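Subject: Structure for your review

Dear colleague,

I am handing over the structure we spoke of, and I would be glad if you could look through it alongside the notes in this message. The sequence and the coordinates come first, and my findings come after them.

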Amino acid sequence: MTNVTALPGATVPTGEPNAALVRGLRDLLADAEAGRLQSFIGCGFMADGHRLSACFDSHENVYEMMGSLAWLQAEYVERHTRGTER
């Protein structure tokens, strides 16, 4: 039972594992274990609707990290609003 209500066009999380998410996180872990991934900032949502944030921000150039976050925000907006213009 959940109290999460979906907005129009969205779905309520089922609590079942998201296979694509698991694969992506395993790939990130492999990159970190190999020394390729040196810092990471991310957010997601739990099945109960709570937000989860992870901040391993050891990147030395704060301006590069802030620029990357701004780029990610713009990319997210573009991906999720494409075709919704009225």
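What follows is an account of what was found, going from the whole chain to single residues.

Please bear in mind throughout that this is a predicted model. The chain contains two helices and two strands, and, read along the sequence, these elements follow the pattern α-β-β-α. Of the 86 residues, 3% count as buried, while the accessible surface of the chain comes to about 7,900 Å², with 59% of that area belonging to carbon and sulfur atoms. As for how the chain meets itself, among the contacts between residues at least 6 apart in sequence, 26% join residues that are at least 24 apart.

Helix 1 has 15 residues and reaches 21 Å from its first C-alpha to its last, which is close to the 21 Å expected at 1.5 Å a residue. At the start of helix 1, a side-chain oxygen of Asn18 reaches to within 3.1 Å of the backbone nitrogen of Ala20. Beyond the other end, just after helix 1, Gly35 takes a positive phi of about 90 degrees.

The loop between helix 1 (19–33) and strand 1 (40–45) holds Ser39. Ser39 counts as buried because its relative accessibility, at 16%, lies under the 20% cut-off. Which residues is Ser39 in contact with, once its neighbours within four places in sequence are left aside? The contacts of Ser39 on that basis are Phe56, Ser58, His59 and Met65.

Strand 1 and strand 2 (residues 51–56) run antiparallel and are joined by six bridges. The two strands form a hairpin with five residues between them, and in the turn Gly49 has a positive phi of about 95 degrees. Gly44 offers a convenient place to inspect this pairing: Gly44 is found in strand 1, and its bridge partner in strand 2 is Leu52. Not counting residues up to four places away in sequence, Gly44 touches His50, Arg51 and Leu52. For a distance to check against the coordinates, the C-alpha atoms of Gly44 and Ala54, which are ten residues apart along the chain, are separated by 8.8 Å.

Turning to charged side chains, it may help to recall that those of opposite charge can pair when their charged atoms come close. The count here comes to two salt bridges. In one of them, Arg36 pairs with Asp31, the closest N and O atoms being 2.8 Å apart; Arg36 counts as exposed, at 57% relative accessibility, whereas Asp31, at 27%, counts as partly exposed. In the other, Arg82 pairs with Glu78, with the closest N and O atoms 3.1 Å apart; Arg82 is exposed, with a relative accessible area of 57%, and Glu78 counts as partly exposed at 42% relative accessibility. Why is Glu78 described as partly exposed? The reason is that its 42% lies between the 20% under which a residue is buried and the 50% over which a residue is exposed.

If you open the model with these notes beside you, the hairpin of strand 1 and strand 2 and the surroundings of Ser39 could serve as starting points.

With kind regards

How values were computed:
Residues are numbered from 1 along each chain as its sequence is written. This is a predicted model: local features need pLDDT of at least 70, side-chain atom pairs count only at pLDDT 80 or more; totals for chains, interfaces and linings use all residues. Side-chain values use heavy atoms; hydrogens and water are left out. Helices (H or I, at least four residues) and strands (E, at least two) are DSSP runs, numbered from the N terminus. Buried means under 20% relative accessible area, exposed over 50%, partly exposed in between (1.4 Å probe, protein chains only). Contact means heavy atoms within 4.5 Å. Accessible areas come from the Shrake-Rupley method with a 1.4 Å probe; for residues, only the protein chains shown count as cover. Two strands pair if DSSP finds at least two bridges between them. A salt bridge is a side-chain nitrogen of Lys or Arg within 4 Å of a carboxyl oxygen of Asp or Glu. The expected span of a helix is 1.5 Å times one less than its number of residues. A polar contact is a pair of N or O atoms within 3.5 Å; within protein, one must be able to donate a hydrogen and the other to accept it, and residues adjacent in sequence count only if both atoms are side-chain atoms.
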